[in-house]
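The following paragraphs lead through a protein structure, from single residues to the chain as a whole. Please keep the sequence and the coordinates at hand while reading.

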Amino acid sequence: MSAIGAVRAHPWRWIIAAILVLLLIALLVGALIVRSLLQPQRFTALLQDQLAGVELVLSVDKPAAPALWPHPAVQLEGFRLSNAGASTPLLQASKARIVVPWHALLHREIAIERLEIETPRIDLDQLQALLARLPGNAGAPRLPRIGAGIKLVNGTLVRSDAPLLVDVNAETGPLLVGTPFRLDFSARDSDDRGGALALRTLPLRKADALHFEDTGIGVSIEKGPRAQVSGDVVWRGGADIEAALRGNLTIPAPAEVGKNTAPRAKASSGKAAVPEPVPIRDYALMLDIAPSRGALPLMIAVKLDGANEHVDARLSPSESIDWWNRLLAAAPDTPVALPPVRGSARIGQLDFGALHLQGVRIEAGSDVAPPDTDATTATGKQNQNGKPAAPGHR
């Protein structure tokens with residue numbers, strides 16, 4: 001049969017084949033056009049120039065290559081980000097993608113929609129060195145303008161080459177004044193216990209201050225506490241931060257943790273038993289931040305109100321960081337100072353392992369008087385003589 005005869009015999013088959021060939025040619029032409037529009041070297045040069053402003057060096061093992069699926073992007077392999085002059089990278093990853101929006105691509109603009117990084121390894125020591133090098137913020141506060149979102153997949157946070165967190169996943173939207181910002185973060189520690197953080201806020205500039213309105217923060221620990229707070233935050237620059245956040249804290253009941261969490265083998269009826277829920281304790285949570293004023297440091301006040309518990313504590317972040325650094329640098333035989341926390345707590349019941357306490361009251365701070373040594377000695381003598389000691393006031 002001739003070619004003309006074959007077409008006449010099966011016209012639809014040949015029409016479909018012709019359409020497929022045309023589509024294939026269109027895809028190849030489109031790929032070439034998109035490749036020419038992307039020009040990957042433009043984006044790597046842009047990133048390198050911007051990072052050089054904060055003394056960061058970007059390097060890749062292979063030249064950037066264009067990617068078309070599922071979005072136009074620039075593919076980077078052997079991605080490394082280092083502090084200038086440092087031998088250890090701050091961040092290194094096997095692959096990274098610079099996702100480019102279609103409108104910018106068609107208008108030949110250099111714009112980044114999102115930076116996706118796979119299996120990143122983040123060095124905490126190098127990150128701290130970068131933060132220490134950044135200049136302090138004097139005068140009116142400035143919000144860093146980050147017009148692209150960031151996505152980290154299956155990362156690891158290390159310190160001194162030892163992993164602190166694994167399975168790190170994070171995703172953010174753009175950070176711009178007047179645009180809602182979001183952050184979702186999850187990770188697991190060395191004990192394979194997971195945790196998650198979610199942040200939502202709307203940054204706005206009013207007069208000489210930045211207002212973070214409709215702020216919502218959620219923190220959860222696997223098989224542990226969960227907390228959610230919401231409210232407004234005002235930042236006027238430096239340590240001049242003011243916030244009022246309200247929410248709730250949920251904690252599994254200490255005496256019941258680990259109990260009744262596994263299903264029983266079978267009920268008498270032969271049906272699988274439903275796992276009994278772990279009892280929980282709910283608390284009203286209030287978190288207030290008072291700004292630094294003169295010689296007074298920035299202070300964080302935390303209040304918890306439950307059915308039988310009440311906690312009212314205050315702490316200074318700067319004092320807490322200093323205490324933690326001294327604790328890490330202390331010799332093994334050096335007495336450990338108490339953390340710089342002020343306030344009081346009344347706890348109806350406290351269980352810690354085999355220890356069971358009821359009616360506990362705790363007071364902390366420099367204004368709390370130390371125990372009376374003479375009274376303690378006298379109490380000890382009375383106990384040795386067989387007489388009961390008077391109950392203490394604390």
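Leaving aside its neighbours within four places in sequence, with which residues is Ser82 in contact? In this predicted model, the contacts of Ser82 are Glu55, Leu56 and Val57, together with Thr88, Pro89 and Leu90. Ser82 itself belongs to strand 3, which covers residues 73–83. Its relative accessible area is 13%, and since the limit for a buried residue is under 20%, Ser82 is classed as buried.

A second strand residue offers another setting. Glu363 is part of strand 18, formed by residues 355–364. With a relative accessible area of 33%, Glu363 is partly exposed. Its side chain makes a polar contact with the side chain of Arg361, at 3.0 Å. Glu363 can also be viewed alongside Gly343: the two are 20 residues apart in sequence, and their C-alpha atoms are 5.9 Å apart in space.

The aromatic residues may be considered next. A search of the whole structure yields 1 aromatic pair. Its members are Trp323 and Trp324, whose ring centres are 6.3 Å apart and whose planes stand at 45°, so the pair is tilted. The reasoning rests on the angle: planes under 30 degrees apart would count as stacked and those over 60 as edge-to-face, with the rest taken as tilted. The two residues also fall into separate accessibility classes. Trp323 has a relative accessible area of 16% and is buried, whereas Trp324, at 45%, is partly exposed.

On the surface, Ile15, Ile16, Ile19, Leu20 and Leu23 make a nonpolar patch of about 470 Å². One of these residues, Leu20, is found in helix 2, which spans residues 11–38. Leu20 has a relative accessible area of 53%; because the class of exposed residues begins over 50%, Leu20 counts as exposed.

These local views can be placed within the whole chain. The protein chain contains 7 helices and 18 strands. Of its 394 residues, 26% are buried, a class that includes Ser82 and Trp323. The chain exposes about 25,500 Å², of which carbon and sulfur atoms supply 61%. Among contacts with a separation of 6 or more, 46% are between residues 24 or more positions apart.

Conventions. Residues numbered from 1 in each chain as written. Predicted model: local features only at pLDDT ≥ 70, side-chain atom pairs only at ≥ 80, totals over all residues. Heavy atoms only, no water. Helix = DSSP H or I, 4+ residues; strand = E, 2+ residues; numbered from the N terminus. Buried < 20%, exposed > 50% of the residue type's maximum accessible area, 1.4 Å probe, protein only. Contact = heavy atoms within 4.5 Å. Areas by Shrake-Rupley, 256 points an atom, 1.4 Å probe, with all protein chains shown as cover. Phe/Tyr/Trp six-rings, centres within 6.5 Å; stacked < 30°, edge-to-face > 60°. Patch = residues over 30% accessible without salt bridge, like charges linked within 9 Å, V, L, I, M, F, W, Y side chains within 5 Å. Salt bridge = Lys/Arg side-chain N within 4 Å of Asp/Glu carboxyl O. Polar contact = N/O pair within 3.5 Å; in protein donor to acceptor, adjacent residues only side chain to side chain.
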